[in-house]
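Here are my notes for you on this one. Have a look at the sequence and the model, then read along with the structure open beside you.

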Amino acid sequence: MSDKLNNNITPDENNETLQPPKQNYEENDNWQFDGVAHTLENTVIENDELEIVIPKKESEFETRERPSAEKTSSAASPAEPREDSTNSVKFFTMAVFLLIMAGVLAFFGIRYYNTPNTTETLNPGNVAVTIGDTDVSIGMYNYYYNSTVNYYLQQASYGYVELDSTKSYASQKTTDEDGKEVTWEQRFKDDTLSQLQRLVAYYEAANKDGVKLTDEQKKQIDDDLEQVKAKASEEDMSVDEYISVNYGDYCGLATLKKMEEMSYSAQTYLRKATIEMVPDEERVNKYYEEHKEDYQQVEMCYLVMQYDEDTKADVIKQAKKYASQISNENELKKLIPIACKDLIDAYVKNGTYGDADAVAEQIAKSSTMTVTKSNPNQLPQAIIDFLFDKNNKKGSCRTVADDDYKEVFIVLKNSGISVYDDTVYSVRHILVMPETDKADDDDNTETAEPTKEQWKVAKETADKILNEYNSGERNEYNFALLAEKYSDDTASLSSGGSNFGGIYSNTPLGQMVKEFEGWATDKNRTYGDVDIVKSQFGYHIMYFISSGPAYLAECKVAVQLEMEDEFVDKAEIKEHKNAMKKTKVAKPQSASQQSDAQQSSAEDYSVETPSENSGEVTGDVQE
């Protein structure tokens, strides 16, 4: 809400006082960090309203009895009216009236400007930040803040980040997205604001674009809120109490509903914007020239030997001895039964791969990999530095110890440095599978091969869908919407995960069936080409996007992410200091709180903040 509101609550020229609209407030200062924040929902308040009756304050002043006309006439002569007495009464009455009104305004005005609530009433006391033109409540901020903290605590429990939940977050250091050293306390706040900024930026754009929630989305929101109510009932808690404990102070059903509505709108717009936000070739090439080294690749072979504190020195010494005997891939693989004996024995013991020879063969198959600077596969930085050092020629072998995982790598540089130029392609498709009859067998689990008639029906269906596309506006977004509506390949749809519209993005050769891949890699293809292709899975209505070297495809994705960040950054963030003082800051947890938080964190539902499209999918049409 604009700060100008403060200037509106003043007496007007007729001495009639303007009061702020009556607000319904809820105070809640019993915040504990052991609650687990997750995603959007609503607070259960009867009739969707929370009403707190504020007792009327008795006046501290007594007003004297107003003189009657009769008394006035008896006390003064008709010839000489007593103006002094009359004016005195009027003045005193007005003074009392003004004092009473000042008290009322002070009582309600202070609450109006300082008190948060759970009903998403955006009075100044409940607006933590304004992003773009959108006010964000304390409850919504706390919700995202708790989600952020919980995410990092989970990452820490897996060993992915260094964070001790039993110590002050203000005294522990990490780095932000720009590599700058910050405290974890600051990182929690920065990431919270970043998520809210992304949500609001796309939400506001969705509103300008006329995006409306679908009936299905509205129903899903209602269902989600009913789940929250049911959960509260199971825990024998009021809905407000349950939401406050699990999602954050001043977060109510209205907050959860609003966030979920915003998220659906933003996600709908983001999907369209991602398709339409295509960088030009000049910017992509410029990006590549500035980041050439990131798209270099090297093939490596490696073995891993494990150690503990007692065996570390001996294992590293033995690994260096092995490395001195290796100059090519064959020599490295010959050492597997000896160098990896402990690992092989462990696999044999748990029966994963059978006997020792089978385990050694499996290790040999997975020991070769291609590494790019832009995708180091979580390898220790020392390995990346070794592989991409031009002074280390093909056949060089080195050992690298990783104390975090108690492993020592024996690394062979198996190729020179080259550009990551393998061919990849991007397409969308709508899969129409022929219906099949169940096989006539005892367990009734298999299906029979489709009949000619069933294949015919599938083709007719594919033709109808293609005709529907051709009869409307022929563009990628509309094709994606048809894929969401009709395609049988759920892995490429939003219903099957994070993908949307039948997308297969930057797909390497050899992953899809030959009919699918053959059409997608035809050199005569141009953006927007559409056709029907038949494979063993059914009929694919194909939409061609691009095909080319992998490094350019990855550069394009990187530039698109830059463009998205530029779009989001236009939604400026303004913090409201007084309200922000009421937002919660994570405190160290006890051991029991830490255990409870980790256990319950996976149980609550969540609503996604719009994020970047990963672009990598898998599906039924893979070989």
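The points below go through confidence, then strands, then aromatic rings.

1. Before anything else, keep in mind that this is a predicted model. The pLDDT averages 82 over the chain, and 75% of the residues score at least 70. Confidence is lowest in helix α1 (residues 5–8), with a mean of 37, while β2 has the highest, at 98.

2. Two stretches deserve a bit of caution. For residues 598–603 the pLDDT is below 50, and the model gives this stretch 10 contacts beyond near neighbours in sequence. Residues 612–621 also stay under 50 in pLDDT, and here the model has 34 contacts beyond four places in sequence.

3. Now for an open sheet. Three strands make it up, in the order β2-β1-β14, with antiparallel pairing. On the edges you'll find β2 (134–137) and β14 (573–575), each of which pairs on one side only. From one strand to the next, the twist averages 25 degrees.

4. Zoom in on β1 (residues 127–131) and its partner β2: the two run antiparallel and are joined by 4 bridges. To find your place, look for Val 127, which stands opposite Ser 137 in β2. Helix α4 (residues 138–157) packs on this sheet and touches β1 and β2. The direction of α4 makes about 70 degrees with that of β2.

5. Next, go to β13 (residues 538–549). Which strands is it joined to by bridges? One is β12 (residues 530–535), which runs antiparallel to β13 and is joined to it by 6 bridges. Another is β10 (residues 423–432), also antiparallel to β13, with 10 bridges between them. In case you're wondering what holds such partners together, strands of a sheet pair through backbone hydrogen bonds.

6. The link between β12 and β13 is a hairpin through 2 residues. Right by it, Ser 535 has Gly 538 in β13 as its bridge partner, and Lys 534 stands opposite Tyr 539. Over on the β10 side, Tyr 425 is matched with Ser 547 of β13. Is β13 mostly covered or mostly exposed? Mostly covered: 9 of its 12 residues are buried.

7. Lys 534 is worth a second look for its side chain. Its charged end sits over the ring of Trp 455, 4.4 Å from the ring centre. So that you can picture both roles together, recall that Lys 534 is also the residue opposite Tyr 539 in β13.

8. On to the aromatic rings: the structure holds 25 aromatic pairs. How are the rings of Tyr 145 and Phe 188 arranged? Their centres are 6.3 Å apart and their planes lie at 90 degrees, so this pair counts as edge-to-face. Tyr 145 is in helix α4 and Phe 188 is in helix α5 (residues 184–208), so the pair links distant parts of the chain, 43 residues apart.

9. Last one: check how covered that pair is. Both Tyr 145 and Phe 188 are buried. They also belong to one aromatic cluster, together with Tyr 141, Tyr 151, Tyr 152, Tyr 169 and Trp 184. Try selecting the whole cluster in your viewer while you have helix α4 on screen, since that helix carries Tyr 145.

Terms used: Residues numbered from 1 in each chain as written. Predicted model: local features only at pLDDT ≥ 70, side-chain atom pairs only at ≥ 80, totals over all residues. Heavy atoms only, no water. Pairing = 2+ DSSP bridges. Axes fitted to C-alpha atoms, helices over the stretch in contact; angles between N-to-C directions. Contact = heavy atoms within 4.5 Å. Phe/Tyr/Trp six-rings, centres within 6.5 Å; stacked < 30°, edge-to-face > 60°. Buried < 20%, exposed > 50% of the residue type's maximum accessible area, 1.4 Å probe, protein only. Lys NZ or Arg CZ within 6 Å of the ring centre and 35° of its normal. pLDDT = per-residue confidence, 0-100.
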